[in-house]
Amino acid sequence: MTADPRDLMPAVLSLKAGLGRLDLSRGLGIVPGPGCEAPAELLRTWLAADLPATVVQAQLASGEGVPVLRLGLEAGLVLPSPPGAPEEARREAYRLDLGPGGGSLVAGWVEGLFRGAACLRQLVLSAVSAPGEGLPAIAACRIEDSPRFPWRGLMLDTARNFFEPAFIERLLDLAALHRLNVFHWHLTDDQAWRLDLPGLPELARLGGRRLDRRYNVERWKTGSYSAADVGRIVAYAAARGITVVPEVETPGHVVALLSSHPELSCAAAMAGPGASVQFSPEDRYGIFEDILCAGNDEVFALLDKVFEGLCALFPGPWVHVGGDEAPKARWRECPRCAKRREALGLGPDEAGLESLQAWFMGRVGSLLAARGKRMLGWDEILDAGVPGAGSMAIPADALVMSWRGYEGGAAGARRGHGVVMCPQTKACYLDHKQADRPGEAGQLGVCTLRDSWSFEPVPPGLGPEEEARILGGQANLWSEQLYSESVVEYMAFPRLCALAEAFWRPRARGDYQAFLARLEVHKARLDRLGVNYRKALSD
Ligand code: TNX
């Protein structure tokens with residue numbers, strides 16, 4: 001069939017129809033200009049996967065008459081961009097011209113070429129999706145496109161359930177198809193430590209397996225990622241223009257870490273020298289009171305070793321260090337934490353304990369800064385991190401991930417931090433049910449497709465300078481209930497399509513019915529890729 005560029009997902013910023021169509025029945029040659037090899041290689045990979053084998057063979061055999069797409073980088077190219085979009089987002093702008101002879105994909109930066117390549121892939125997938133309906137072709141067009149936000153993320157929790165590297169690669173491909181550009185990899189939690197770091201084998205050996213007692217059956221859920229796995233996944237993401245942000249939780253959500261390093265708990269400090277305390281990865285879900293001891297310098301020594309390993313594996317600029325849901329019950333009782341508080345001049349009250357967390361996160365942040373990385377944390381990192389509080393504050397350049405609603409994001413922006421919005425209610429938590437119906441898969445709340453599509457990342461009430469600190473949004477796949485790869489896909493799609501659009505489109509969001517109509521077409525692309533999306537679009 002002839003693919004219609006009006007059906008792209010997310011919708012593009014500007015689209016003009018051209019004359020004729022690009023016939024794909026003999027394939028499409030990809031000719032990269034200088035600096036365009038990576039997106040050219042990606043396009044070749046995608047075309048080889050998506051075009052029918054007969055087309056690929058025809059292209060190989062003929063050589064002549066095959067339409068050609070030229071890729072080019074043009075420094076200083078000016079393309080339209082949504083109002084208020086920051087400079088960083090403009091790096092992803094591109095122009096895609098398609099017509100009977102092939103066409104061109106040009107951008108000012110290579111990032112833009114990756115996003116243009118994703119558009120072309122969607123059109124190719126549509127062209128081949130209904131083989132009975134004529135030749136595979138794309139209606140001639142000129143697309144000029146650019147995102148509103150520079151951070152368009154997807155988080156996968158690989159701690160509660162383990163996912164094979166090949167499945168992570170599949171998700172990265174799907175993220176790239178929707179022009180997302182950040183993969184936030186949640187690697188550790190109470191239930192598991194999934195990162196097998198060179199020099200620290202005990203972390204994954206003791207922390208990377210947990211008992212799963214669901215349905216009264218005891219079975220071990222084991223799995224961790226080796227340095228080689230991480231290297232492959234990071235390279236796979238980079239080949240799609242996606243940055244990987246690793247997350248190591250501190251000071252809470254660490255029971256799996258304590259199972260290999262019980263000496264870093266407050267329980268060890270309270271038990272006294274020589275006494276032994278033990279932990280094993282949690283088989284329950286929730287919030288647990290055993291967190292890292294704030295009074296023990298060995299905690300920071302171990303974290304620094306972990307960061308050394310992380311920095312060697314993850315080239316991106318950010319490391320997520322958690323900071324969420326850290327109950328203060330142990331810190332309140334722990335003699336070592338009391339000493340630390342006294343040394344810092346903090347009282348034994350709640351405010352003192354909160355400040356102790358701000359100090360803890362500040363110290364973690366400075367370990368990362370010493371390694372040239374920027375810290376990123378859940379919005380609890382703001383709870384006591386008052387600006388100007390010296391050692392009791394998180395680094396000024398820390399990024400805040402706002403999950404408990406919009407307030408954390410608004411506060412972070414007011415205090416000068418960059419902010420990523422992923423409010424749990426009601427837009428970005430893809431572990432929540434897609435409909436309020438008995439038997440619907442998911443946990444905790446309900447987040448409908450329309451909720452996700454309606455998401456506005458900028459919290460209300462911000463001035464223009466504060467608004468500019470909202471870097472974008474993120475979809476979060478918490479995996480407590482994600483027992484299998486197909487369940488992950490069911491929870492992610494189609495809400496991820498809606499969120500990708502919410503992170504990309506200009507503020508004037510358009511029309512939900514039009515989105516649903518485009519989604520009907522997009523479903524054929526997802527079918528072609530074998531994605532197990534939720535079929536019913538009604539809530
Ligand atoms: C809250 S979001 C959590 C996670 C859970 C999630 C379930 C955040 C920083 N913490 O530990 O998996 O809710 O929706």
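**Entry 1: the largest pocket.** I take a pocket to be an open set of grid points with protein on both sides within 12 Å along at least five of seven lines. The model I examined is predicted. I looked up the largest pocket, and its volume is about 400 Å³. I then listed its lining, which consists of 20 residues. Glu-88, Glu-111, Pro-150, Asn-181 and Thr-243 are the closest of these to the centre of the pocket. I also asked which element supplies the largest share of this lining. Helix α4, residues 110-127, does so with four residues. By class, I recorded ten nonpolar, four polar and six charged residues in the lining of the largest pocket.

**Entry 2: the second largest pocket.** I next turned to the second largest pocket, which holds about 330 Å³ of space. Its lining comprises 19 residues. Nearest the centre I noted Arg-160, Glu-325, Trp-403, Leu-444 and Glu-480. The class count for this lining is seven nonpolar, five polar and seven charged residues.

**Entry 3: location and shell of the ligand.** In which pocket does the ligand sit? I found the ligand in the second largest pocket. I listed the residues around the ligand by type. The aromatic names I wrote down are Trp-378, Trp-403, Tyr-429 and Trp-478, and beside them I noted Leu-444. The shell also includes His-253 and Gln-443. Arg-160, Asp-324, Glu-325, Asp-431 and Glu-480 surround the ligand as well. The shell divides into five nonpolar, two polar and five charged residues.

**Entry 4: polar contacts of the ligand.** I looked up distances from the ligand to three acidic side chains. A polar side-chain atom of Glu-480 is 2.6 Å from an oxygen atom of the ligand. For Asp-324, I recorded 3.0 Å between an N or O atom of the side chain and a nitrogen atom of the ligand. For Glu-325, the distance from a side-chain N or O atom to a nitrogen atom of the ligand is 3.4 Å. How much of the area that the ligand exposes when taken alone does the protein bury? The ligand alone exposes 370 Å², and the protein buries 95% of that.

**Entry 5: backbone geometry.** I closed with the backbone. The peptide bond from Thr-425 to Lys-426 is cis, and its omega is near -5 degrees. I placed Lys-426 in the loop between β16 (418-421) and α15 (449-453). I noted another cis peptide bond, which joins Phe-493 and Pro-494 with omega about 10 degrees. Pro-494 belongs to the loop between α17 (485-492) and α18 (495-504). I also checked phi at Arg-179, which is positive at about 60 degrees although this residue is not a glycine. Arg-179 is in the loop between α5 (165-177) and β9 (182-186).

Note on methods:
Residues are numbered from 1 along each chain as its sequence is written. This is a predicted model: local features need pLDDT of at least 70, side-chain atom pairs count only at pLDDT 80 or more; totals for chains, interfaces and linings use all residues. Side-chain values use heavy atoms; hydrogens and water are left out. On a 1 Å grid over the protein atoms alone, a cavity is a set of points where a 1.4 Å probe fits but cannot get out, and a pocket is an open set with protein on both sides within 12 Å along at least five of seven lines; lining residues have an atom within 4 Å of a point. Grid points are joined across faces, edges and corners, and a volume is the space filled by probe spheres set on the points. Helices (H or I, at least four residues) and strands (E, at least two) are DSSP runs, numbered from the N terminus. Ala, Val, Leu, Ile, Met, Phe, Trp, Tyr, Cys and Pro count as nonpolar, Asp, Glu, Lys and Arg as charged, and the others, Gly among them, as polar. A residue is near a molecule or strand if one of its heavy atoms lies within 4 Å of it. A polar contact is a pair of N or O atoms within 3.5 Å; within protein, one must be able to donate a hydrogen and the other to accept it, and residues adjacent in sequence count only if both atoms are side-chain atoms. Accessible areas come from the Shrake-Rupley method with a 1.4 Å probe; for residues, only the protein chains shown count as cover. A molecule sits in a cavity or pocket if more than half of its atoms lie within 2 Å of its grid points.
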